[in-house]
Amino acid sequence: MKKYLFSGLSLMVVCSIMQTACSFNNSNKNSMDSTHAIIAKPFGEIEGKPVTEFTITNKNGMQIGVINYGGALTKIITQAKDSTWGDVLTGYESLKGFTQTGNPYFGALIGRYANRLAKGTYTIDGVEYHAALNNNGQSLHGGLKGFDKVVWDAKTIGDSSVQLNYSSKDGEEGYPGTLKVQVVYTLTSNNGIKMEYTASTDKTTVINLTNHAYFNLTAGKDSTIHNHVLQIHADQYTPVNDVLIPTGQMLAVKGTPMDFNQPKRIGDDLDKVQGGYDHNWILNKTEGLQEVANVTDPESGRVLTVFTTEPGLQFYSGNFLDGTLTDTKKGIKYIKHGALTLETQHFPDAPNQPSFPSTILKPGEVYTQSTIYQFSIQ
Ligand code: BGC
């Protein structure tokens, strides 16, 4: 197995199999004879550090992009039932887009604590900690400079994986302990994006890692996700207060707009949920990596099925997208409900809610989380 460590701004091309696989272009996407391969190319520079985009293509022609700024996914190109290809991931043309103020975490890795911590405050072993506040007096997605805004070390593994590493300093954004995090993205040969997270700490800390990809399975044909059909295998959810902090209750979804146990068109009940969907569902799953949700665009036939080891899923219906982001792909205006996220996670504000599954990580323990975004056609 060849391993490449990327540094410097020079164009580097990685083809683990053969040189011809490097000259990937749209034309070979319509045949089924593509070869699994990774191409790396410069994607700009931030704080003096080079950013690289890794494009992974599998034998079916499916393609994803990952950058080491924020560990963000940059593209997910999948096939529709009419055999055309399209990018189902919201994103930007360049690094400038990703670094703009107000980038709502497009495609990024989120940490040290995904979603919100009430007033950024939490206590571990009797010591009160204060995570950086960045959202209505709360701490959201790791604070002012979360894992989405740092440059990760990156290397390819074989012909289908990119490994990202980041060492978060003791005290960074108000979190104790040096946290060493690793995330491996793999494009599988059956069109899955596998994300495997591991982390360890040298002081007891809290941790909740996820990926913040936004999807619109129409690949730009429809400006909203109203017609997407969603299923979430969850009998309960965690309601929130007016600043989107869980109240601590675990309520039944039955008979409410939150019930997605049977596949349901997202637009059907969207107006009945104040502000739109932005909640954590308590997954019915028991243990291990299990299917927890799926979303279908009936028009294109694209289906995204989510598998995870996590106990919760944040379904966010893109409520705060307002068409103002710049440097977007093809200049697309990402409007309200223009895309959705399915963030696999532990529950928001768990450090302050004793009845929620624990998010404490102690020295000597290894944090793990695995999630697969599996694409298919129906
Ligand atoms: C949160 C939303 C937030 C969005 C983008 C989601 O995970 O639940 O409230 O607006 O991320 O920032």
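**Strand pairing and model confidence**

Two strands are taken to pair when DSSP finds at least two bridges between them. The structure described here is a predicted model. Its mean pLDDT is 92, and 91% of the residues reach 70 or more. Residues 1–32 stand apart in confidence: pLDDT stays under 50 throughout this stretch. The model nevertheless has 69 contacts for residues 1–32 beyond four places in sequence.

**The sheet containing β27**

Six strands build an open sheet in the order β18-β27-β26-β23-β20-β21, and their pairing is antiparallel. The edges are taken by β18 and β21 (251–252); each has a single partner strand, so one side of each has no neighbour within the sheet. Between β18, which covers residues 214–215, and β27 there are 2 bridges in the antiparallel sense. Here Y214 lies opposite T341 of β27.

On from β27, the order leads to β26. β26 (residues 312–316) runs antiparallel to β27 and is joined to it by 5 bridges. One of the facing pairs is F315 with L342 in β27. β26 is also joined to β23 (residues 278–283), again antiparallel and through 5 bridges. F315 recurs in this second pairing, where it stands opposite H279 of β23. F315 thus links the two ladders, with L342 as its bridge partner in β27 and H279 opposite it in β23.

**Burial of β27**

β27 spans residues 340–345, and 6 of its 6 residues are buried. Its side chains divide into two sets: L340, L342 and T344 point one way, whereas T341, E343 and Q345 point the other way. Both sets are buried, including T341, the residue that faces Y214 of β18.

**Q236 in β20**

Q236 belongs to strand β20 (residues 234–238), which sits between β23 and β21 in the sheet order. Its relative accessibility is 31%, so it counts as partly exposed, a class that runs between 20% and 50%. Beyond four places in sequence, Q236 touches M250, L251, A252, V253, W281 and I282. Among these, L251 and A252 make up the edge strand β21, while W281 and I282 fall within β23. The C-alpha atom of Q236 is also separated by 8.4 Å from that of D259, which is 23 residues away along the chain.

**The sheet β2 to β6**

A second open sheet has 5 strands in the order β2-β3-β4-β5-β6, paired in the antiparallel sense. β2 (37–46) and β6 (85–87) are its edge strands; each has a single partner, so one side of each lacks a neighbour in the sheet. With direction ignored, neighbouring strands of this sheet are turned against each other by 15° on average. β2 pairs with β3 (residues 49–57) through 8 antiparallel bridges, and in this pairing I46 stands opposite K49.

I64 lies in β4 (residues 63–67). With a relative accessible area of 0%, I64 is buried, the cut-off being 20%. Its contacts beyond four places in sequence are F54, T55, I56, L73, K75, I76, L187 and I193. Of these, F54, T55 and I56 fall in β3, and L73, K75 and I76 fall in β5. I64 and Y185 are 121 residues apart in sequence, with their C-alpha atoms 9.8 Å apart.

**β12, β13 and β14**

β13 covers residues 161–168, and 6 of its 8 residues are buried, so the rest of the structure largely encloses this strand. It is joined to β12 (residues 153–157) by 5 bridges in an antiparallel arrangement, with I157 and S161 as bridge partners. β12 and β13 form a hairpin with 3 residues between them, and G158 in the turn has a positive phi of about 60°.

β13 also runs antiparallel to β14 (residues 179–187), to which 8 bridges join it. In this pairing, L164 of β13 has V183 of β14 as its bridge partner. Among the residues of β14 is L187, one of the contacts of I64.

**The largest pocket**

The largest pocket holds about 960 Å³ of space. Its lining consists of 43 residues, and those nearest its centre are G86, D87, A219, K329 and K330. β2, β5 (73–79) and β6 each supply at least two lining residues. The two edge strands of the five-strand sheet, β2 and β6, are therefore both among the contributors to this lining.

Definitions and conventions
Residues are numbered from 1 along each chain as its sequence is written. This is a predicted model: local features need pLDDT of at least 70, side-chain atom pairs count only at pLDDT 80 or more; totals for chains, interfaces and linings use all residues. Side-chain values use heavy atoms; hydrogens and water are left out. pLDDT is the predictor's confidence in each residue, from 0 to 100. Contact means heavy atoms within 4.5 Å. Buried means under 20% relative accessible area, exposed over 50%, partly exposed in between (1.4 Å probe, protein chains only). Helices (H or I, at least four residues) and strands (E, at least two) are DSSP runs, numbered from the N terminus. Axes are lines fitted to C-alpha atoms, for helices over the stretch in contact, and angles run from 0 to 180 degrees between N-to-C directions. On a 1 Å grid over the protein atoms alone, a cavity is a set of points where a 1.4 Å probe fits but cannot get out, and a pocket is an open set with protein on both sides within 12 Å along at least five of seven lines; lining residues have an atom within 4 Å of a point. Grid points are joined across faces, edges and corners, and a volume is the space filled by probe spheres set on the points.
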